[in-house]
Amino acid sequence: MSAQVAPEVHLADLIAALGGDLIGEAQTRISRIAPLDEADGQTISFLANPRYQAQLAQTNAACVIVAPAFAEAAAKRGEKGGEKGGERGGAVIVTPDPYLYFARLTQWWAARSRPLGAARIHPSAVVDPSARLGAGVDVGPLAVIEAEAEIGDGARIGAHCVIAQGARIGAGTRLAARVTVGFGCELGQRCIVHSGVVIGADGFGFAPNFKSEQPGWEKIEQLGNVRIGNDVEIGANTCIDRGALADTVLEDGVKLDNLIQIAHNVQIGRHTAIAGCAAIAGSTKIGAFCTIGGAANVVGHLVLADHVHVSAATLISRSISQPGQYSGVYPFEDNASWEKNAATLRQLHSLRTRLRDLEKKNT
Amino acid sequence: MSAQVAPEVHLADLIAALGGDLIGEAQTRISRIAPLDEADGQTISFLANPRYQAQLAQTNAACVIVAPAFAEAAAKRGEKGGEKGGERGGAVIVTPDPYLYFARLTQWWAARSRPLGAARIHPSAVVDPSARLGAGVDVGPLAVIEAEAEIGDGARIGAHCVIAQGARIGAGTRLAARVTVGFGCELGQRCIVHSGVVIGADGFGFAPNFKSEQPGWEKIEQLGNVRIGNDVEIGANTCIDRGALADTVLEDGVKLDNLIQIAHNVQIGRHTAIAGCAAIAGSTKIGAFCTIGGAANVVGHLVLADHVHVSAATLISRSISQPGQYSGVYPFEDNASWEKNAATLRQLHSLRTRLRDLEKKNT
Amino acid sequence: MSAQVAPEVHLADLIAALGGDLIGEAQTRISRIAPLDEADGQTISFLANPRYQAQLAQTNAACVIVAPAFAEAAAKRGEKGGEKGGERGGAVIVTPDPYLYFARLTQWWAARSRPLGAARIHPSAVVDPSARLGAGVDVGPLAVIEAEAEIGDGARIGAHCVIAQGARIGAGTRLAARVTVGFGCELGQRCIVHSGVVIGADGFGFAPNFKSEQPGWEKIEQLGNVRIGNDVEIGANTCIDRGALADTVLEDGVKLDNLIQIAHNVQIGRHTAIAGCAAIAGSTKIGAFCTIGGAANVVGHLVLADHVHVSAATLISRSISQPGQYSGVYPFEDNASWEKNAATLRQLHSLRTRLRDLEKKNT
């Protein structure tokens, strides 16, 4: 059973909790949230993208969340047939931003269908006596909280987490099972951190020492920490390294997907969102309100302005001072075509020279 | 000592267990599995790829697994010398598909050289009384099994695993140490899941809310689950996110390597195999019998047909309706050449225009 | 408080521990390490790259580490003003390789500011009686050490680590919290392994079996181990798979960053360094003293010579026999330009043909 199925919800409950203007019957029963084209007679759905407007007429949804411009069309839906044929078209919630309303609906729904358990310190957890735990802190089974760590009010520390010496977790922050927060690192309030995240491993720093009798890389101990703001979300198995001298910093509202690498001394501006498998190399500073596509990479020691958007799988190799969308991906094609074009690419510079020569001949 | 070394195996044992036609002495002793060119007089080897046929004559293997077409050549090997010079050429197992035979041999070998311990619930595990454990279930040290989780007969849950509330693990499925299965998620029978895997973390879903007084991303709670079929294998540190509304689905026989990202609502058809560090973005549907190369990426909301093969490091940015091999990788070269060609690539469109102009002049 | 802040250090202490020629007052108090442009009057800084030479004159650092060529300029700094205006320019440590000196300074500093706790076997750890632990071994809370594992003298096993049956950890090696070392795998001495690392998961090996009545991939059990030399460092959430028949091998001094995939039977030569999110596919052999850039990929069954350097995000698809720098990345640009150039790239081979035709007309 998926959590989107919840018992006994009526539109009146939703409107009371989330607002919006209701057209239709407040006692309409809702048991499911789904897209317009998968909706049944107990489903609430939404129209966020005008591109899907045509689905409005066809949907069987009991209620549709729409912007004012679509209120009339939504209210008339189903009049000509469908499962609800003959009846009136079902309920409508009118709101300025249906997608935002939908997001809040999922939050309300999750709170109802997956209530958090009562906070407790599980007896199997290993909590150092010098750790400071706020009011209503929940500590899961087999978690480890080391000396002088601080856990803010209402924070929830999942099973198998390690909060190392002197680390600080802000109020209301939730760590899923198996999150590691290194010594001295800090997370703000209301953060969400998913399983497998490693905050505060050593940055990758070595001095070459290849002229000595025992040649090799000499470790540069990473003496900085990681500082993470409020309302940050960090996806599963993502890594955020501690700084070499200064700290690695994520500002408020940053959202990171899974399997992302944030190297030492990176700074990420507020509300920047980074998709899965991206990597930001050391000391790079990314602005606020940026988006970085999946598997994109930014090399080290760069500065990206605010509102820069990097396409998936693109390598950013120079600083970017202007907002905008940036891309650099080899376009895929069937393998035989790719082989021919890619082989030719190795001659591209000489092709240009040959073209120039021809142009000279032709003038 | 590697596990491929096992005591007292005779060819008769192999034939009894795995079949095949034996040419040679059934009491030949085998202590090792190795490629033809690394074989010694107690080694069993195989010829799967005709390209390596020449190694047949040179190998010192005590036994060689071959297809019928190579039976004669295999039986005659070593007649002209080598360690076994003068003797007859050693034993041969003839079978229609030597590589498949080799695979089964490794399974038989592993079962002999690494027998599983007797199933037990380790006393340090934290198992909720409402969890339902089948017959012969093994639970490792410090594992956590939450309320109403179900573990099928003979399943093995490694040390430090977390099976969250209401999750279901099918019969005979084996979780290595430190696997996290989120609440409500399901795995089928006979699956193998390696360490560090995170199943059921939240998908990366947010509604933009940047016009409000407190601008930021509004979380879309992920209300779906993850459903995984039978005989699925999942490599170390791979992440499979729960769906936003519907579920994320892996069908029977899917094989995932390490460090792969499977985003919310992805569907992967049966027997599709995906190599390490690949990423599949949200809501994409991949067909059956596909292969996705290492570090390849598929963007969101696409549909890939059955039998599509994506080359390593390729970004798939559009749906693919035809079976075949698809590629899109910048061909590497020495750095100086790359710099020239890559710089020219930024002028490619204008080069085409100039070429057109020249063509007009020349007609 | 970051660890780079430490109480009561005087230059005399540094010189005694690390050597170097001091110009200036040995009792100068140091409380911080920082770059030249962030230094204050209690900071020690360094000039490693002549490019930053201009910062020497401006820095407020109490002491600067420089090469002999810059000793005079460093000693004269600040004479014309700045915070220390009027006074003499502050202390200087002269040493042949300032960056190497800085690396050792961070080590000395870390040892002072973050002393390791006394070694103990935490009572919550699950240690099999047949495991062999050397002198001064530290085992953190809730770690699991299985039968016949060997832990060398002075090694430190972090919280939640799993050292599986028969694995061996060399003397002085340190495992951060939550590291998994599979059965039979070996690490040498003085290694550092960060959280979330998985050593010894199964390599990704399957024989196709699609003609049978139950089509699917047949698992090839991975019978090899992982062998890791001395002085190897492995970053967070990196995966190193066990070999199929022979072992996967990392030689002495290899340095791996975070989220790296090392597939089965890979061999990596001594002192090779690999940056984050890179992936090395199965059976590839990488030489000594190589560097592999972040998110770079090397396909399987290749051989890379010693001293090969691969640029970030490059796919290496053929063996490389010559030392040098190799690259293959689509250069990023603004999205509109990229769209035009990438579309044209699909016609590149035909453009070449058209160019040839024109050339023929013009001869």
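**Contacts between chains A, B and C**

B:Glu333 stands opposite C:Ser327, a residue of β38(C). This is a predicted model, and the pair just named belongs to a strand pairing that crosses from one chain to another: β39(B) and β38(C), the latter covering residues 324-327, run antiparallel and are joined by two bridges.

The strand pairing is one part of a wider contact. Between chain B and chain C, 61 residues of chain B and 60 residues of chain C take part. On the chain B side, the elements that each supply at least two residues are α4 (98-113), β39 (333-334), α5 (335-345) and α6 (348-361). Among the contributions to this side, the largest share is that of α4(B), with nine residues. Sorted by class, the side of chain B that touches chain C consists of 32 nonpolar, 19 polar and ten charged residues.

The contact between chain A and chain B can be read in the same order. Here chain A gives 61 residues and chain B gives 60 residues. The side of chain A that touches chain B draws two or more residues from each of α4 (98-113), β39 (333-334), α5 (335-345) and α6 (348-361) of chain A. With nine residues, α4(A) gives the most to this side. Its classes are 32 nonpolar, 19 polar and ten charged residues. A strand pairing crosses this contact too: β39(A) and β38(B), residues 324-327 of chain B, are antiparallel and joined by two bridges. Within that pairing, A:Asp334 stands opposite B:Tyr326 of β38(B).

How are chain A and chain B placed relative to each other? In general, a rotation about an axis and a shift along it relate two copies of a chain. For chain A and chain B, the superposition takes a rotation of 120° with 0.0 Å of shift along the axis, and the RMSD is 0.0 Å. The two copies are therefore related as by a three-fold rotation axis. Which surfaces do the copies use, the same or different? They use different surfaces, since 20% of the contact residues of chain A recur in chain B. As for the axis itself, the residue of chain A that comes closest to it is A:Tyr330, whose C-alpha lies at 3.4 Å.

Key
Residues are numbered from 1 along each chain as its sequence is written. Chains are lettered from A and ligands numbered from 1 in the order in which they are written. This is a predicted model: local features need pLDDT of at least 70, side-chain atom pairs count only at pLDDT 80 or more; totals for chains, interfaces and linings use all residues. Two residues are in contact if their C-beta atoms, placed from the backbone, lie within 7 Å. Helices (H or I, at least four residues) and strands (E, at least two) are DSSP runs, numbered from the N terminus. Ala, Val, Leu, Ile, Met, Phe, Trp, Tyr, Cys and Pro count as nonpolar, Asp, Glu, Lys and Arg as charged, and the others, Gly among them, as polar. Two strands pair if DSSP finds at least two bridges between them. Copies are superposed by least squares on the C-alpha atoms of residues with pLDDT of at least 70 in both.
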